[in-house]
Amino acid sequence: MGLKLANNAVSTLAASINTAVTSLAVASGDASKFPTLGAGDWFPLTIVDPSGNMEVVRVTARSGATLTIVRAQEGTTAKSFAAGSKCDVRLTAAALAALPIDVSTISGTLPDGQLPATMTGKTFSSPIMVQGASSTFDSAGDFALNIMTDADSSWRFYFSASTNTMYLQHSTDQYTSNFSNMMALVPGNVVWHSGNDGAGSGLDADLLDGLNAVSAAATGNTVVARTASGAIWTQDIFATRGDGTGAIQFGGNATGKYLYYNNTNFQFLGAGLQLDTNQAISFQGTGAATTRANLGFTGAIAAWVNFNGTGTPGIRASGNVSSITDNGVGDYTVNFSNAFADTNYAVFAWARYAVNASNTLVGTFAWASDTKTTGAVRIRVQYSDPGSTGAHDSPEVNVMVVR
């Protein structure tokens, strides 16, 4: 599609033409000398009579010896020509401008012209400028496409082959090489990247992957690290609604349990447990029933045991107690599974008498010489009624340690 030329395409008019006609006929024997045209093709034709009158026309179609023409081309005017006037294909100015140019043989600024339909095999070894065209560029290394504006500034797309990254860069001087990277837009929206992810970035992430298999990745510079199994690692969690309250949900929406702070108390919603600022624990039962334990102190039950002290002591139930040592009648050592940091814990004990006797009670105590260590405590069970004396192996001994 475009300019078509032929060598020695010369003939004469088979009939006269006036200034208005848009077709002409050449000598029938010369028809094959002229180019065959397809859609959009053309060639220049110059008509000259014996008096020297001349007109350049553009031939846009040929059917045998009949040529369809556009009159008065390249600065000439439409004229009348008699039969026998000479007509031939010449290399006119318009034809030269339409000729493809081998840009690989030209240095500096290219003249106006039409580039080849394909640039395969053409090599650009220095910067080029393309005006008024949409072009595709292929480069094996770094590549830059500069766009100079009327405001004496310059923009460019710069591709770095080493990082496989395309940058949009800007300079306030058309001809400077001192470009700086600019913020990219998609369409009209700022792209979030490592250069603008600080305060005021306006990031609105609906989903954040954060996948990382190493728990140590949860540092102060990461939002959260999520393992492949779905567990998350982070240093601190701040859950707030702006009014001092906050909640963390466990489980799905229908059956989820919440750790909730209502600006006064911590509550385990759906789990039936609440701890308030007065060290009171409330256990929520069915309906509106609530059992509330006012502790009034910051300690906790650190060990407890219920055991049979007759014969070989046997533990019925316990917490943080590994075994009971039988030191003699009514004399026991309670051994802890996990030792305490010190011996400043409080011990409470209670024992049951083996038979019903209204005037006889059983008490628990320790001698001054009895040991109290971080790993065990020694207690004794004895009649407390003045009428009954001596140690007693109780069928039920209860010991509680608070620290």
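Reader: Taking buried to mean under 20% relative accessible area, exposed over 50% and partly exposed in between, which class does K33 fall into at 36% relative accessibility?

Author: K33 counts as partly exposed, because 36% lies between those two limits. Please keep in mind that this is a predicted model, and that the values I quote are computed from it.

Reader: And which residue does the K33 side chain meet in a salt bridge?

Author: The partner is D30, and the N to O distance in that salt bridge is 3.2 Å. General chemistry offers the background, since side chains of opposite charge can pair when their charged atoms come close.

Reader: Is D30 buried or exposed?

Author: D30 counts as buried, because its relative accessibility is 16%, so this salt bridge joins a buried acid to a partly exposed lysine.

Reader: How many salt bridges are there by this rule?

Author: The count comes to seven. Among them is the one between D88 and R90, where the closest N and O atoms are 3.0 Å apart. D88 is buried at a relative accessible area of 8%, whereas R90, at 31%, counts as partly exposed.

Reader: Which salt bridge links distant parts of the chain?

Author: That would be R403 with D342, whose closest N and O atoms are 2.9 Å apart. R403 belongs to the segment after β28, while D342 sits in the loop between β24 (331-336) and β25 (346-352), and the two residues are 61 residues apart. R403, at 45% relative accessibility, counts as partly exposed, and D342 is also partly exposed, with a relative accessible area of 23%.

Reader: Which residues are joined into one network by salt bridges that share partners?

Author: D331, R378 and R380 are the residues joined in that way.

Reader: Let me change topic to the sheet, then: in what order do the four strands of the open sheet run?

Author: The order is β22-β21-β28-β25, and the pairing is antiparallel. β22 and β25 are the edge strands, each with a single partner strand, so one side of each has no neighbour in the sheet. From one strand to the next, the twist averages 10 degrees.

Reader: How many bridges hold β21 to β28, and how many to β22?

Author: β21 (residues 301-308) and β28 (residues 396-402) pair over six bridges, and within that pairing the bridge partner of A303 is V401. The pairing of β21 with β22 (residues 314-319) runs over five bridges, with W304 standing opposite G319.

Reader: What about the hairpin of β21 and β22, and which residue there takes a positive phi?

Author: That hairpin has five residues between its strands, and G311 takes the positive phi, near 60 degrees.

Reader: Which residues make the nonpolar surface patch?

Author: I301, W304, F348 and M400 make the patch, which covers about 390 Å². F348 lies in strand β25, and this residue is partly exposed, with a relative accessible area of 45%. W304, which we met above opposite G319 in β22, is another member of the patch.

Reader: Going back towards the start of the chain, where does P44 lie, and is P44 buried or exposed?

Author: P44 lies in strand β3 (residues 43-48) and counts as buried, because its relative accessibility is 1%.

Reader: What does P44 touch, leaving out residues up to four places away in sequence?

Author: P44 touches L3, L5, V57, D88, V89, R90, T92 and A95. You will recognise D88 and R90 in that list as the two partners of a salt bridge discussed earlier. As for V70, which is 26 residues from P44 along the chain, the C-alpha atoms of the pair are separated by 9.7 Å.

Reader: One last residue: where is G330 placed, and what is G330 in contact with beyond its sequence neighbours?

Author: G330 is in the loop between β23 (321-328) and β24, and is buried, with a relative accessible area of 1%. Leaving aside neighbours within four places in sequence, G330 is in contact with I379, R380, V381, A391, H392 and D393. R380 appears here again, having been one of the members of the salt-bridge network. The C-alpha atoms of G330 and G390, which are 60 residues apart along the chain, are separated by 8.9 Å.

Methods: Residues are numbered from 1 along each chain as its sequence is written. This is a predicted model: local features need pLDDT of at least 70, side-chain atom pairs count only at pLDDT 80 or more; totals for chains, interfaces and linings use all residues. Side-chain values use heavy atoms; hydrogens and water are left out. Two strands pair if DSSP finds at least two bridges between them. A salt bridge is a side-chain nitrogen of Lys or Arg within 4 Å of a carboxyl oxygen of Asp or Glu. Buried means under 20% relative accessible area, exposed over 50%, partly exposed in between (1.4 Å probe, protein chains only). Patches are made of residues with over 30% relative accessible area and no salt bridge: like charges are joined within 9 Å, nonpolar side chains (Val, Leu, Ile, Met, Phe, Trp, Tyr) within 5 Å. Accessible areas come from the Shrake-Rupley method with a 1.4 Å probe; for residues, only the protein chains shown count as cover. Contact means heavy atoms within 4.5 Å. Axes are lines fitted to C-alpha atoms, for helices over the stretch in contact, and angles run from 0 to 180 degrees between N-to-C directions.
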